[in-house]
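The following exercises are to be worked with the sequence and the structure at hand. Each task is followed by a solution in steps.

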Amino acid sequence: MSDVHASRERTTVETARLGHPLLSLALAAMMDDVGAHSGAVYLLTPDEPVLEMAVMAGLPRSFAAPWERVGLSAPVPVAEAVRGRRLVWVNGEEQMARRYPRIAVVLPYPFALAALPVATHDTTYGAVFLTWPGSHPPELSDRERDHLTSACDRLAIRLRRAEEEGRPVRPEPDLSAPSTTMVAGTLGTVEAARMVARLPYGMCALDLHGRISFANAATAELLGVPVSGLLGTQLWASVPWLNDPAYEDRYRAALMSQHVTSFVALRPPSDWLSFRLYPGTNGLSVRISRARAVAQAEHAAPEEGDGPSRLVTINLVLALASALTEAVGVQDVVDLVADEIIPALGSQALVMLGSRAGRLHVLGHRGYADPHVVERFDGMPLTAPTPGAHVLTTGVPAFFESRQQLERLYPIRRDTPDGLGAWAYLPLIASGRPVGTWVLGYAEPHPFPADERAVLTSLSGLIAQALERALLYDAKHQLAHGLQQALLPHSLPSIPGIEAASRYLPASRGMDIGGDFFDLVLSHGRPSAVIGDVQGHNVTAAGLMGQIRTAVRAYTTVGQAPEDVMGSTNRLLIDLGSELFASCLYLRLDPAHGTAVMARAGHPPPLLRRPDGKVKVLDLAGGPLLGIDAAATYPTTEVALAEGSVLALYTDGLIESPGVDIEDALADLGERLAAAGEGPLEALADSLVREVAAAEERADDVALLLLQAAAVG
């Protein structure tokens with residue numbers, strides 16, 4: 001945008017202060033004109049597309065700390081106002097959660113917000129935002145729009161004049177409302193303090209930053225902290241058992257919403273106290289009293305008809321956000337939401353829906369005795385008259401407090417085969433597009449008050465981002481797994497005089513794909529075998545593995561000797577310019593003469609079980625890993641392979657595990673090979689990988705190739 005580009009070259013921030021607080025006065029006037037209870041002015045920094053907060057009023061700056069500096073491309077209202085050169089209006093917590101989920105996660109409270117650009121016709125200087133309590137009407141009035149637009153236009157003109165006159169503007173001290181020193185406008189400060197001191201319950205006052213500016217004697221007695229230890233401190237800092245984010249959350253909720261809030265806290269060991277917070281534009285008044293009924297109810301059984309306790313606070317939101325970072329695949333997201341959210345919300349069932357080729361796709365579900373109830377929606381067109389399809393396509397949440405309400409709007413669901421009594425359908429929107437819908441089902445009719453809807457919508461933003469990552473991961477995993485399966489041999493050829501068996505186990509971490517490979521080749525009547533391991537666990541490693549396996553086959557087919565096959569493959573890997581290395585073991589078999597010639601490139605040594613059952617680790621000559629030194633040579637070793645002998649070729653994933661010495665692990669593998677006896681080769685392969693196959697986690701791939709010398713002819 002040309003006006004934004006031009007504004008970057010301005011110097012409205014990095015210069016000296018004006019003689020008077022231009023920004024503070026303009027902001028205070030705007031707030032007074034439209035009855036806003038907080039706001040801030042941003043200035044566009046020179047030479048970079050960033051808005052910096054220059055002054056804030058009405059709330060502690062810590063409330064807006066994540067947005068002190070905002071990039072013009074950021075998904076926040078002030079940046080959007082500048083990008084579109086228009087007023088941006090957010091009418092409450094639900095709309096905030098849907099349009100700006102990152103803000104809703106940090107400030108999940110009922111409030112409205114307007115953001116406007118501060119700009120002339122050709123230059124943008126910054127932006128302004130203002131907030132109102134959640135009681136504000138859902139739309140700005142024409143008067144409010146006109147006042148705000150005119151005020152921002154006037155501020156832009158003043159900033160332009162200041163720039164032209166060489167009177168630059170810098171950030172100014174934040175504005176806080178002055179403290180009230182009178183009670184009801186009639187009583188003096190001393191008399192007011194005496195009156196409050198006589199009250200039988202605790203009374204204290206907090207400023208906008210949560211600091212205690214007054215406390216009566218009853219407050220000190222109830223909290224167990226002297227008044228001198230309270231004054232000037234934050235309540236949750238001076239009283240250790242109130243040092244819980246849930247209680248600070250109530251203070252923030254009161255200030256942001258300007259609604260009375262309350263909570264109950266346990267003063268150890270057994271005293272329950274009730275806190276009621278009365279907000280104003282200059283702070284809060286807090287009433288503290290004993291809550292004996294809570295202590296009695298703590299041990300009482302819930303009465304019939306009591307609804308589930310809703311404990312959805314900022315703690316839950318933050319815990320979910322942390323847990324979602326660990327979710328890898330789609331099923332991880334489904335399980336996490338089911339395990340973390342369902343119990344807290346009192347919901348009995350969950351469905352996660354996505355879309356594929358214009359149709360609904362069930363990503364996962366929990367809590368349904370009959371899975372067919374959910375699965376019948378899989379493949380349903382997105383145009384179908386169902387709430388799941390409608391919410392996914394429109395991005396608008398839907399709440400049905402009873403079966404009658406759902407069936408009235410969606411007659412096709414008149415049978416309600418899931419047997420539930422209430423539903424919440426919430427869109428999952430990430431990167432500006434719907435990626436799915438999550439559905440909560442309740443066994444009985446369930447009201448959805450505004451605060452609960454806001455929290456659910458906020459959670460939707462977090463879940464959507466995790467689901468988007470999970471869908472991408474699953475798609476990459478399927479692609480990578482398919483690639484690796486295509487590159488590994490589906491079966492081993494039948495070779496006279498040689499019996500073979502193989503096993504491959506992918507890692508259970510990351511992409512579940514690596515560079516382990518094996519092959520058995522019969523060319524010109526001469527059998528050869530190879531096993532190797534490319535560094536890494538990704539598509540690049542798998543692709544390089546395929547190139548190495550193809551190269552080995554090609555060099556074998558043209559009749560190269562084992563040492564030449566290794567040397568040629570090494571030079572090819574270097575010529576490809578890959579930064580990955582590979583270990584490899586190649587052998588040429590001669591069943592008629594009972595020998596094998598082997599060449600090794602940094603690969604673990606094979607094991608040989610002789611016909612008498614004794615196992616030996618073969619000490620082979622070798623060279624460095626493939627892909628390191630173009631001039632490397634790979635000497636060969638000839639090994640006797642009598643009839644009945646078994647060669648075990650493997651990758652390091654079979655013997656390496658955290659905290660286990662590699663020599664001990666190799667000795668253990670040899671003992672298991674010896675103890676297996678002379679059973680079928682397939683059974684022997686199963687026994688050698690049984691331990692790693694049963695492990696909950698495998699940090700590396702495992703490949704195993706067994707070759708047994710048999711009678712020729």
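**Exercise 1.** In this predicted model, determine in which strand serine 523 lies, whether serine 523 is buried or exposed, and which residues serine 523 is in contact with, leaving aside its neighbours within four places in sequence.

*Solution.*
Step 1. Serine 523 belongs to strand E18, which covers residues 515-523.
Step 2. The relative accessible area of serine 523 is 7%. Buried means under 20%, so serine 523 is buried.
Step 3. With neighbours within four places in sequence left aside, serine 523 is in contact with Thr556 and Thr557.

**Exercise 2.** Compare the span of helix H2 with the expected value, then state which residues of H2 are buried and what covers them.

*Solution.*
Step 1. Helix H2 runs over residues 22-34 and has 13 residues.
Step 2. From the first C-alpha to the last, H2 reaches 19 Å, close to the 18 Å expected at 1.5 Å a residue.
Step 3. The buried residues in H2 are Leu22, Leu23, Ser24, Ala26, Leu27, Met30, Met31 and Val34.
Step 4. The cover over these buried residues includes three strands, E1 (38-44), E2 (50-57) and E6 (124-133), together with helix H6 (142-164).
Step 5. Just after H2 comes glycine 35, with a positive phi of about 70°.

**Exercise 3.** Describe the surroundings of glycine 441 in strand E16.

*Solution.*
Step 1. Strand E16, which holds glycine 441, spans residues 433-442.
Step 2. Glycine 441 counts as buried because its relative accessibility is 0%.
Step 3. Leaving aside neighbours within four places in sequence, the contacts of glycine 441 are Ser347, Gln348, Ala349, Leu420, Ala422 and Trp423.
Step 4. Isoleucine 342 is 99 residues away along the chain, and its C-alpha atom is separated from that of glycine 441 by 9.4 Å.

**Exercise 4.** How many aromatic pairs does a search of the whole structure find? Classify the pair of tyrosine 42 and phenylalanine 129 and the pair of phenylalanine 63 and tyrosine 251.

*Solution.*
Step 1. The search finds eight aromatic pairs.
Step 2. The ring centres of tyrosine 42 and phenylalanine 129 are 6.3 Å apart and the planes stand at 45°, so this pair is tilted.
Step 3. Tyrosine 42 lies in strand E1 and phenylalanine 129 in strand E6, so that the pair links distant parts of the chain, 87 residues apart. Both tyrosine 42 and phenylalanine 129 are buried.
Step 4. For phenylalanine 63 and tyrosine 251, the centre-to-centre distance is 6.0 Å and the angle between the planes is 85°, an edge-to-face pair.
Step 5. Phenylalanine 63 is in the loop between E2 and strand E3 (69-71), while tyrosine 251 is in helix H11 (residues 245-257); therefore the pair ties together parts that are 188 residues apart in sequence. Phenylalanine 63 and tyrosine 251 are both buried.
Step 6. Ring pairs join Phe63 and Tyr251 with Trp236 in a cluster.

**Exercise 5.** Which arginine lies over the face of phenylalanine 63, and which over the face of tyrosine 201?

*Solution.*
Step 1. Over the face of phenylalanine 63 lies arginine 252, at 4.7 Å from the ring centre.
Step 2. Over the face of tyrosine 201 lies arginine 287, at 3.9 Å from the ring centre.

**Exercise 6.** Summarise the protein chain as a whole.

*Solution.*
Step 1. The chain has 23 helices and 26 strands.
Step 2. Of its 713 residues, 50% are buried.
Step 3. The exposed area is about 32000 Å², of which carbon and sulfur atoms supply 53%.

Notes:
Residues are numbered from 1 along each chain as its sequence is written. This is a predicted model: local features need pLDDT of at least 70, side-chain atom pairs count only at pLDDT 80 or more; totals for chains, interfaces and linings use all residues. Side-chain values use heavy atoms; hydrogens and water are left out. Helices (H or I, at least four residues) and strands (E, at least two) are DSSP runs, numbered from the N terminus. Buried means under 20% relative accessible area, exposed over 50%, partly exposed in between (1.4 Å probe, protein chains only). Contact means heavy atoms within 4.5 Å. The expected span of a helix is 1.5 Å times one less than its number of residues. Rings of Phe, Tyr and Trp (its six-membered ring) pair if their centres lie within 6.5 Å; planes under 30 degrees apart count as stacked, over 60 as edge-to-face and the rest as tilted. A charge sits over a ring if NZ of Lys or CZ of Arg is within 6 Å of the ring centre and within 35 degrees of the ring normal. Accessible areas come from the Shrake-Rupley method with a 1.4 Å probe; for residues, only the protein chains shown count as cover.
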